[in-house]
Amino acid sequence: MAESITAEPFRFFKIIEETLQDKKLRIPVDFVKKFGDELCDVATLRVPNGCVWKVGLTREGRKIWFNDGWHDFVKNHSILKDYFLVFEYAKNSTFDVLIFDKTACEIEYTCAEPENEKQNDGKKIKPRKVAYEDEYKFVAVLEEMGICISGAYKFLSVEERQRIICASRLFRLENPSFLCIMGSTTVLNYVYVPPKFANKYLNKVNESIKIKDTDGRVWPVNLAWSGWCGIRKGWPAFSKDKDLKAGDICLFELIRTEGVLFKVSVLCHKHASLE
C-alpha cells in the first residue's frame with residue numbers, strides 16, 4: 001500500500017510538430033484529468049528571464065488548448081517544428097516554461113512584446129551545445145549530472161538521447177541517480193539497476209526498499225541480487241498504476257541509503273507528460 005508524502009510540482013512536455021500552423025497547443029489528457037477543473041480562462045506562462053505571458057485557454061469537453069496569445073508566444077521565442085517545451089504547473093493557472101531547440105539546447109530567452117511584464121531579477125539563459133550523436137559524450141553528460149544509465153542507451157536514436165538530456169536537466173537532482181529505459185519485460189516484472197550504480201551505492205543483499213512517486217506516494221518494493229541487481233517484488237503494482245509502456249524512461253534518484261528510498265520520475269513516450 002502506498003504511503004502519502006507531500007506532492008511535487010507536475011510537469012508535462014510537448015514536442016512541437018504540426019501544431020505551429022494551428023496557432024494553438026493542446027494540453028495533455030493526463031494533465032487535464034488532474035488539474036483541468038482548476039484552470040481559469042486565461043493562463044500565465046513564465047519563462048526563465050522573468051517575462052510573463054497571458055494566454056487564453058479554449059475548452060471542448062475535456063480537451064483544453066492554449067489558444068489566444070499562444071501564437072504570439074511562439075513567434076517571440078522563434079519556436080519551430082521539433083522544438084521541445086517543458087511546462088511545470090505552479091498552480092493558479094500558472095506555468096513555468098522551458099524551451100529547447102532542435103539541438104536539445106535551451107534557447108536564449110527574449111521579451112520583445114510590449115504587453116509582457118519583465119521582472120527585475122530576470123536572467124538570460126545561455127545555450128549549451130553537445131553532440132549527442134556520440135554515445136560516449138551522451139553518457140558523459142549524464143554522468144556530469146550524477147546519472148548512471150544501463151547499456152540499453154546504445155539502442156537509442158539521437159533524438160531520444162536529446163530528449164533524455166533535456167528532461168534530465170529539469171529534475172534538479174541532488175543525489176546519485178540512474179535511468180532505466182522500460183522494455184516489455186521490464187515494465188511488467190522488474191527494473192534493471194546499472195551495475196556501476198548498484199555496486200557503489202547499494203548493499204549486495206536482498207532487502208525491502210521504497211520508491212516515492214511524483215504524487216508523493218511511497219511504494220514498497222524488493223531489491224534483489226541474482227548475478228545482477230534489480231527492483232522486483234512490488235514493481236508490477238507501481239508500473240500498472242503509472243500505466244508504463246515499453247520505451248518509457250524512469251529516473252531513479254537515491255534519496256536515502258539507510259532504509260533505501262528512491263524518488264521515481266517518469267518520462268513517457270505515449271502520454272507526452274513529464275512527472
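**Exercise 1: a strand-to-strand pair**

Lys263 counts as buried, at 14% relative accessibility. Here buried means under 20% relative accessible area, exposed means over 50%, and partly exposed is in between (1.4 Å probe, protein chains only). A quick note on the model: it is predicted, so local features need pLDDT of at least 70 and side-chain atom pairs count only at pLDDT 80 or more, while totals for chains, interfaces and linings use all residues. Residues are numbered from 1 along each chain as its sequence is written, and side-chain values use heavy atoms, with hydrogens and water left out.

Task: find the residue that forms a salt bridge with Lys263, and say which strands the pair links.

Step 1. Look for a side-chain nitrogen of Lys or Arg within 4 Å of a carboxyl oxygen of Asp or Glu; that's a salt bridge. For Lys263 the partner is Glu253, with the closest N and O atoms 3.5 Å or less apart, namely 3.4 Å.

Step 2. Place the two ends: Lys263 sits in strand S17 and Glu253 in strand S16, so to speak distant parts of the chain, ten residues apart.

Step 3. Check the cover on the partner: Glu253 is buried too, at 4% relative accessibility.

**Exercise 2: a network**Task: name the residues that shared salt-bridge partners join into one network.

Step 1. Follow the shared partners from residue to residue: Lys34, Asp213, Asp215, Arg217, Asp241 and Lys242 end up in one network.

Step 2. Zoom in on one link: Asp241 and Lys242 form a salt bridge, their closest N and O atoms being 3.5 Å apart.

Step 3. Compare the cover on each end. Asp241 is partly exposed, at 37% relative accessibility, whereas Lys242 is buried, with a relative accessible area of 11%.

**Exercise 3: another salt bridge**

Task: work out how many residues apart in sequence Glu88 and Arg11 are, and what their side chains form.

Step 1. Start with the full tally: a search of the whole structure turns up 14 salt bridges.

Step 2. Pick out Glu88 and Arg11, whose side chains meet in a salt bridge at 2.7 Å, N to O.

Step 3. Find their strands. Glu88 lies in strand S7 (residues 84–89) and Arg11 in strand S2 (residues 11–15), so the pair ties together parts that are 77 residues apart in sequence. Helices (H or I, at least four residues) and strands (E, at least two) are DSSP runs, numbered from the N terminus.

Step 4. Are these two residues buried or exposed? Both Glu88 and Arg11 are buried.

**Exercise 4: the largest cavity**

Task: describe the largest cavity by its volume, its lining and the classes of its lining residues.

Step 1. Settle the rule. On a 1 Å grid over the protein atoms alone, a cavity is a set of points where a 1.4 Å probe fits but cannot get out, and lining residues have an atom within 4 Å of a point. Points are joined across faces, edges and corners, and a volume is the space filled by probe spheres set on them.

Step 2. Count: there are two cavities of 30 Å³ or more. The largest has a volume of about 60 Å³.

Step 3. List the lining: Ile164, Ala167, Ser168, Phe171, Leu179, Ile249, Cys250, Leu251, Ser265, Val266 and Leu267. Helix H5 (158–168), strand S16 (249–256) and strand S17 (261–267) are the elements that give two or more residues to this lining.

Step 4. Sort by class. Ala, Val, Leu, Ile, Met, Phe, Trp, Tyr, Cys and Pro count as nonpolar, Asp, Glu, Lys and Arg as charged, and the others, Gly among them, as polar. That gives nine nonpolar, two polar and no charged residues.

Step 5. Take a look at H5 itself: eight of its eleven residues are buried. Among them are Ile164, Ala167 and Ser168.

**Exercise 5: residues in loops**

Task: locate Ala104, Asp243 and His77, and say how covered each one is.

Step 1. Ala104 lies in the loop between strand S8 (94–100) and strand S9 (117–118). Its phi is near 70°, a positive value in a residue other than glycine. Ala104 is buried, with a relative accessible area of 2%.

Step 2. Asp243 is in the loop between helix H8 (235–242) and S16. Phi is positive here as well, near 55°. Asp243 is partly exposed, at 34% relative accessible area.

Step 3. His77 belongs to the loop between helix H3 (70–76) and S7, and is buried at 4% relative accessible area. Leaving out residues up to four places away in sequence, His77 touches Val47, Trp53, Ile99, Ile107, Tyr109 and Thr110. A contact means heavy atoms within 4.5 Å.

**Exercise 6: the whole protein**

Task: say how many helices and strands the protein has, and what share of its residues count as buried.

Step 1. Count the elements: eight helices and 18 strands.

Step 2. Of the 275 residues, 48% count as buried.

Step 3. Among contacts between residues at least 6 apart in sequence, 60% join residues at least 24 apart.

Conventions
On a 1 Å grid over the protein atoms alone, a cavity is a set of points where a 1.4 Å probe fits but cannot get out, and a pocket is an open set with protein on both sides within 12 Å along at least five of seven lines; lining residues have an atom within 4 Å of a point.
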